[in-house]
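Me: I have a model open and would like to understand the labels attached to some of its side chains. Could you walk me through the reasoning?

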Amino acid sequence: MVETMFDLPVEKQIFYAVLGFSWTVYLWEAYLSYRQRRIYRSTTHVPQELGNIMDSETFEKSRLYQLDKSNFSFWSGLYSETEGTLILLLGGIPFLWAVAGTVTARFGFGSEYEITQSLIFLTLATLFSALTGLPWSLYNTFVIEEKHGFNQQTLGFFLKDAVKKFVVTQCILLPVTSLLLYIIKIGGDYFFIYAWLFTLAVSLVLVTIYADYIAPLFDKFTPLPEGELKTDIEAMAKSISFPLTKVYIVEGSKRSSHSNAYFYGFFKNKRIVLFDTLLEDYSPINKTGDLQAEQPENDDTPTEPKAKPKNKKQGCNNPEILAVLGHELGHWKLGHTVKNIVISQMNSFLCFSLFAVLIGRKELFVAFGFDDSQPTLIGLMIIFQFIFSPYNELLSFCLTVLSRRFEFQADAFARSMGKASELYSALIKLNKDNLGFPVADWLFSMWHYSHPPLLERLRALGNIKQD
């Protein structure tokens, strides 16, 4: 008689269901990526409707860049899925927990010091993840990004940055985790409420201090100098009652020539951050290109990292910067930021509530090799990462759809401020600077794109003709 999955013990059913769902998601996303790669390979000429937006040289560069990224994503994704499967099949999680227990015991702590063992386990797990991900990150930065002119880092800078990120992450992760585990241990029947409130407080604190205390550890932030751009930004913020206190330029060019802008802060203390690569007048890449002819041939003074000159100017002019900020401020004015926070916290509360129901189920622990113990940290990992994975995939897709809706609304807000033409040209410039490919498979973009494709955004802005 053939044994079916439903004849297996419940813990085996749980294990194989988690494994099966993980591979189902991987194969689905691999299929979507295959569809998009087919677009990259077959669309070798600029489509007619893009003729006035993108020249053939930039189109070909973006096509090859996105094709390389897609191929890299396929192999890195396959490795990640295979690694995760082997860890589950070979009992990697209980093995690492046992190693953490051995380390704990050597320091004279017994099994009753579960939080201490959990922190050692977490450190070992994140170290393993960092080391196994390092070759992929190196290849992505120094082969793909380098090949297509985006990487601005040296190897020494990259490795120093990686070590710094790991240390800072541990300094935040370990204290937060230890307090969360302690709250769950002593919280009684309503621990899930206290745990949710604690994670809410932590997230709000991190959002508040990130740009002032954490981000400057990695990037240089300087106030935007007095001048026409700063005056115009302050006037625009005032016109919509945005409580702007400071405007910064971040030296993003020391890592990459990709560009970005964002705002942060709570209540009456909002700040705007502009990447130097976004600003035509401030981008070191433009300055390097302009000054290249003036440099003596024998000038080999080392710089770290070293900017690579481009043939074309990078970034946006001041009216286009204002249009981009009009879009970003639209997110604030239309309540998108608050809505995202509310959705995130509702989801967090729901997950902690379900965690409270499931944490006592021994079969969940047995399914992943924990026959004799039920550590809280392992329970969090099993339930949030594995058991909730179908729900997480559905939620992720819904948030992607919502994000695209918010982007259209923010574009419309910028248009209502009279900045449609400038935003139109800014979107085209940013797409060129970042080598975005403007042709997308409908299913791939529906599943993955948190921002609408370029052509859809331009059509929504009203097809304003460019000079």
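Reply: Happy to help; this is a predicted model, and we can take the labels one at a time.

Me: Why is Arg-271 called buried?
Reply: Arg-271 has a relative accessible area of 11%. Buried means under 20%, so Arg-271 earns the label.

Me: What makes Asp-212 and Arg-271 a salt bridge?
Reply: Their closest N and O atoms are 2.8 Å apart. The cut-off is within 4 Å, so the pair counts as a salt bridge. Asp-212 lies in helix α6 (residues 191-214) and Arg-271 in strand β4 (residues 270-275), so this pair ties together parts 59 residues apart in sequence.

Me: And why is Asp-212 called partly exposed?
Reply: The relative accessible area of Asp-212 is 29%. Partly exposed runs between 20% and 50%, so the term fits Asp-212.

Me: How do you know that Glu-57 forms a salt bridge with Lys-61?
Reply: Here the closest N and O atoms are 3.4 Å apart, and the rule asks for within 4 Å, so this pair qualifies too. Both residues lie in helix α2 (residues 56-89), 4 residues apart, about one turn of the helix. Glu-57 is partly exposed at 44%, and Lys-61 is partly exposed at 42%.

Me: How many salt bridges does the rule give?
Reply: The count comes to 13. Among the pairs is Arg-361 with Glu-363, at 2.7 Å from N to O.

Me: Why is Tyr-31 called partly exposed?
Reply: Tyr-31, in helix α1 (residues 10-42), has 39% relative accessibility. That value falls between 20% and 50%, so Tyr-31 counts as partly exposed. With Trp-28 and Tyr-34, Tyr-31 forms a nonpolar surface patch of about 300 Å² accessible area together.

Technical notes: Residues numbered from 1 in each chain as written. Predicted model: local features only at pLDDT ≥ 70, side-chain atom pairs only at ≥ 80, totals over all residues. Heavy atoms only, no water. Patch = residues over 30% accessible without salt bridge, like charges linked within 9 Å, V, L, I, M, F, W, Y side chains within 5 Å. Areas by Shrake-Rupley, 256 points an atom, 1.4 Å probe, with all protein chains shown as cover. Salt bridge = Lys/Arg side-chain N within 4 Å of Asp/Glu carboxyl O. Helix = DSSP H or I, 4+ residues; strand = E, 2+ residues; numbered from the N terminus. Buried < 20%, exposed > 50% of the residue type's maximum accessible area, 1.4 Å probe, protein only.
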